[in-house]
Amino acid sequence: MGLLIGAVAKMSETSIDTIRFYEKNGLIPPPSRRESGYREYPGETVARLAFIRNAKELGFTLSEIREMLDLRTTPGTPCQSVQKLAEDKIRVATEKIERLTRIRAALETLVEACRAPDHPTSDCPILDALDISLR
């Protein structure tokens, strides 16, 4: 016997709405229905939801996750296909880190320029740097 959606949600630490969303968007297969109309999910749905959650934490989009799930179930698919997705994700993460490092450096410079917190905001170098057009 399968699992009801509430049990799947609890076991996978996923909301019922999210499970329905994933089902609607093809990330988990549609479950069978009991005579009562309740969805009845196979036990492996919990593992699939964990896979989706883990992939999301690594920054993969739902489209990319769907692609990986399809690759996983396609016989003979080389691991290289998934490796390419992961390499692309590394490139994106590296670019984000570089951008965030630049943002942090710019903010540190602005904070350093503002060592007189009792000055009025009309004389605030941070606000001046963000929008000099207000003057």
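This report covers helix packing, the nonpolar core and selected residues of a predicted model.

## Helix 1 and helix 2

Helix 1 spans residues 5-12 and helix 2 spans residues 16-24. Their axes come within 9 Å and cross at roughly 105°. That angle makes helix 1 roughly perpendicular to helix 2. On the helix 1 side, the contact is formed by Ile5, Gly6, Val8, Ala9 and Ser12, which meet Ile16, Ile19 and Arg20 of helix 2. Sorted by class, this contact has 5 nonpolar, 2 polar and 1 charged residues.

The loop between helix 1 and helix 2 contains Glu13. Most residues other than glycine have a negative phi. Glu13 is not a glycine, yet has a positive phi of about 55°. The relative accessibility of Glu13 is 69%, so this residue counts as exposed; the cut-off for exposed is over 50%.

## Helix 1 and helix 3

Helix 3 covers residues 44-57. The axes of helix 1 and helix 3 come within 9 Å, with a crossing angle of roughly 45°. Helix 1 is therefore oblique to helix 3. The crossing of these two helices is right-handed. Helix 1 contributes Val8, Met11 and Ser12 to the contact, and helix 3 contributes Thr45, Val46, Leu49 and Arg53. These residues divide into 4 nonpolar, 2 polar and 1 charged.

Val8 and Ser12 of helix 1 also take part in the contact with helix 2. Thr45, on the helix 3 side, is buried, with a relative accessibility of 4%. Leaving out residues up to four places away in sequence, Thr45 touches Val8 and Ile28.

## Helix 4 and helix 5

Two packed helices are described by the angle between their axes and the distance between the axes. For helix 4 (residues 62-73) and helix 5 (residues 80-113), the axes come within 10 Å and cross at roughly 160°. The two helices are therefore roughly antiparallel to each other, given that angles over 145 degrees are placed in that class. The crossing of helix 4 and helix 5 is left-handed.

In this contact Glu64, Glu67, Met68 and Leu71 of helix 4 meet Ser81, Val82, Leu85 and Lys89 of helix 5. By class there are 4 nonpolar, 1 polar and 3 charged residues. Glu64 is one of the helix 4 residues in the contact. The relative accessible area of Glu64 is 18%, so Glu64 is buried, the limit for that class being under 20%. Apart from residues up to four places away in sequence, Glu64 touches Gly59, Leu85 and Lys89. Leu85 and Lys89 belong to the helix 5 side of the contact.

## The nonpolar core

The largest nonpolar core has 18 residues. Those with the most contacts inside this core are Ile19, Ile28, Leu49, Ile52 and Ile65. Helix 1, helix 2, helix 3 and helix 4 are the elements that each give two or more residues to the core.

Several of these core residues also appear in the contacts described above. Ile19 is on the helix 2 side of the contact with helix 1. Leu49 is on the helix 3 side of the contact with helix 1. Ile28 is touched by the buried residue Thr45. Ile65, with neighbours within four places in sequence set aside, is in contact with Leu27, Phe51, Ile52, Ala55, Lys56 and Phe60. Ile52, in that list of contacts of Ile65, is itself among the core residues with the most contacts.

## Helix 5 and the loop after it

Ile90 lies in helix 5. Ile90 is exposed, with a relative accessible area of 54%. Ile90 and Met1 are 89 residues apart in sequence, and their C-alpha atoms are 41 Å apart in space.

Ala116 is in the loop between helix 5 and helix 6, the latter covering residues 125-130. With a relative accessible area of 23%, Ala116 is partly exposed. The C-alpha atoms of Ala116 and Asn54 are separated by 45 Å, and the two residues are 62 residues apart along the chain.

Terms used
Residues are numbered from 1 along each chain as its sequence is written. This is a predicted model: local features need pLDDT of at least 70, side-chain atom pairs count only at pLDDT 80 or more; totals for chains, interfaces and linings use all residues. Side-chain values use heavy atoms; hydrogens and water are left out. Axes are lines fitted to C-alpha atoms, for helices over the stretch in contact, and angles run from 0 to 180 degrees between N-to-C directions. Angles under 35 degrees count as roughly parallel, over 145 as roughly antiparallel, 65 to 115 as roughly perpendicular and the rest as oblique. A crossing is left-handed if the near helix is turned anticlockwise from the far one by less than a right angle, and right-handed if clockwise. Contact means heavy atoms within 4.5 Å. Ala, Val, Leu, Ile, Met, Phe, Trp, Tyr, Cys and Pro count as nonpolar, Asp, Glu, Lys and Arg as charged, and the others, Gly among them, as polar. A nonpolar core is a set of buried Ala, Val, Leu, Ile, Met, Phe, Trp, Tyr and Cys residues joined through side-chain atoms within 4.5 Å. Buried means under 20% relative accessible area, exposed over 50%, partly exposed in between (1.4 Å probe, protein chains only).
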